[in-house]
Amino acid sequence: MEPNIFRGVVQRGQGRGRALGYPTANVPLQDQTISGIFAGRVSIAKDEAPYLAAVFADPSRQLLEAYLLDFDDDLYGTEISVTLIEKIRDAEKYTDDTALRAAIAGDVALVRKLLTRQKRIMVFGTFDIIHAGHEDLFRQARALAANPYLVVSVARDDVVARIKGARPRNDEHTRLAAVAAHPLVDQAILGDAEGYVSHIVAASPDVLALGYDQTGEFVEHLSEDLAAAELHPEIVRLSAHEPETYKTSKIAAREV
């Protein structure tokens with residue numbers, strides 16, 4: 001699910017895009033397996049937010065042509081970063097400029113629609129101590145979408161006690177408040193007191209992002225249980241982040 005990222009210095013082209021009303025920033029394309037029209041983002045400087053872009057990947061000319069939405073400055077000679085997020089369609093040949101201009105306009109409208117809609121991503125945990133491992137979990141989850149909205153489910157005290165054999169050090173409302181205050185979190189909610197499906201359905205996520213070590217009763221039949229509730233989110237497994245260092249039980253043991 002990693003996006004393709006290309007960096008290069010903007011080259012001067014033939015001015016065809018500007019003549020059509022859609023000037024492009026052109027950079028070299030070394031990957032000959034990538035072709036077509038993409039929704040993407042273009043970063044110009046590290047301290048600036050990236051611009052939405054409709055990008056044409058042309059392996060025959062070894063070129064990426066990026067039309068930056070809401071941008072009209074000259075970028076020739078500037079190093080930029082082009083991120084291809086989602087393919088819109090294959091490239092086509094057009095018999096006249098009117099048809100080509102209409103196709104580009106459609107691509108631009110679709111890019112704006114795709115990349116400004118927030119995708120709801122949901123993660124789960126106890127979060128007794130918010131540490132670097134949790135922050136990496138939040139970052140990985142947010143990276144799954146161009147415009148993420150991160151919902152974090154905080155486990156109930158009784159559920160934690162039943163599954164882990166001991167109650168958490170901090171009660172569920174304290175843990176909920178700490179998670180909600182984290183800058184990478186858009187919304188924090190308490191999990192269900194019994195079962196787990198109801199609060200997921202209420203949150204209506206597009207993606208469920210599971211931690212590397214999350215297993216057991218709430219994972220084993222996850223897809224089937226959600227499908228029975230007429231919910232069909234994408235389910236992904238995130239990577240571990242230094243699990244021998246950043247795990248709540250290990251941190252707590254070191255503090256004793």
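Author: Buried means under 20% relative accessible area and exposed means over 50%, with partly exposed in between (1.4 Å probe, protein chains only). The model is predicted: local features need pLDDT of at least 70 and side-chain atom pairs count only at pLDDT 80 or more, while totals for chains, interfaces and linings use all residues. Residues are numbered from 1 along each chain as its sequence is written, and side-chain values use heavy atoms, with hydrogens and water left out.

Reader: At what relative accessibility does E86 count as partly exposed?

Author: E86 is found in strand β6 (residues 79-89). Strands here are DSSP runs of E, at least two residues, and helices are runs of H or I, at least four, numbered from the N terminus. E86 counts as partly exposed because its relative accessibility falls between the limits of 20% and 50%, at 39%.

Reader: With which residues is E86 in contact, leaving aside its neighbours within four places in sequence?

Author: Contact means heavy atoms within 4.5 Å. E86 and N4 lie 82 residues apart in sequence, with a C-alpha to C-alpha separation of 9.5 Å. Outside the excluded neighbours, the contacts of E86 are I37, F38, A39 and L114.

Reader: What is the order of the open sheet of six strands?

Author: Strands pair if DSSP finds at least two bridges between them. The pairing in this open sheet is antiparallel, and its six strands have the order β1-β6-β3-β4-β5-β2.

Reader: Which are the edge strands there, each pairing on one side only?

Author: Direction ignored, neighbouring strands of the six-stranded sheet are turned by 35° against each other on average. Such angles run from 0 to 180 degrees between N-to-C directions, with axes as lines fitted to C-alpha atoms, for helices over the stretch in contact. The strands that pair on one side only are β1 (4-9) and β2 (25-28).

Reader: Which residue in β4 does F38 stand opposite?

Author: β3 (residues 36-43) and β4 (residues 51-58) run antiparallel and are joined by seven bridges. Opposite F38, in β4, stands V55.

Reader: What is the order of the five strands in the open sheet with parallel pairing?

Author: Two strands of this sheet, β9 and β11 (234-237), have a single partner each, so one side of each is left without a neighbour in the sheet. Neighbouring strands are turned by 25° against each other on average, direction ignored. The five-stranded order is β9-β8-β7-β10-β11.

Reader: How many of the seven residues of strand β8 are buried?

Author: β8 (residues 148-154) pairs in the parallel sense with β7 over seven bridges and with β9 (residues 187-190) over four. The strand is largely enclosed by the rest of the structure, because the number of its seven residues that are buried is six.

Reader: Which residue in β9 does S153 stand opposite?

Author: S153 in β8 also stands opposite F124. The chain reaches β8 from β7 through α3 in a right-handed β-α-β crossover; right-handed means that, with the strands pointing away from the viewer, the path from the first strand over the helix to the second runs clockwise. In β9, S153 stands opposite I189.

Reader: How many residues are in the largest nonpolar core?

Author: A nonpolar core is a set of buried Ala, Val, Leu, Ile, Met, Phe, Trp, Tyr and Cys residues joined through side-chain atoms within 4.5 Å. I121, V123, F138, L150, V152 and A209 have the most contacts inside the largest one, to which β7, α3, β8, α5, β9 and β10 each give two or more residues. The residue count of this largest core is 21.

Reader: How many residues are in the second, separate core?

Author: This core includes F38, A57, L64 and I80. Its residue count is 19.

Reader: How far from the backbone nitrogen of G133 does a polar atom of the side chain of H131 lie?

Author: H131 sits in the loop between β7 (119-125) and α3 (132-142). Its relative accessible area is 9%, so H131 is buried. From a polar atom of the H131 side chain to the backbone nitrogen of G133 the distance is 3.0 Å.

Reader: What positive phi does Q62 have?

Author: Q62 lies in the loop between β4 and β5 (63-68). With a relative accessible area of 47%, Q62 is partly exposed. Although Q62 is not a glycine, its phi is positive, at about 50°.

Notes: Polar contact = N/O pair within 3.5 Å; in protein donor to acceptor, adjacent residues only side chain to side chain.
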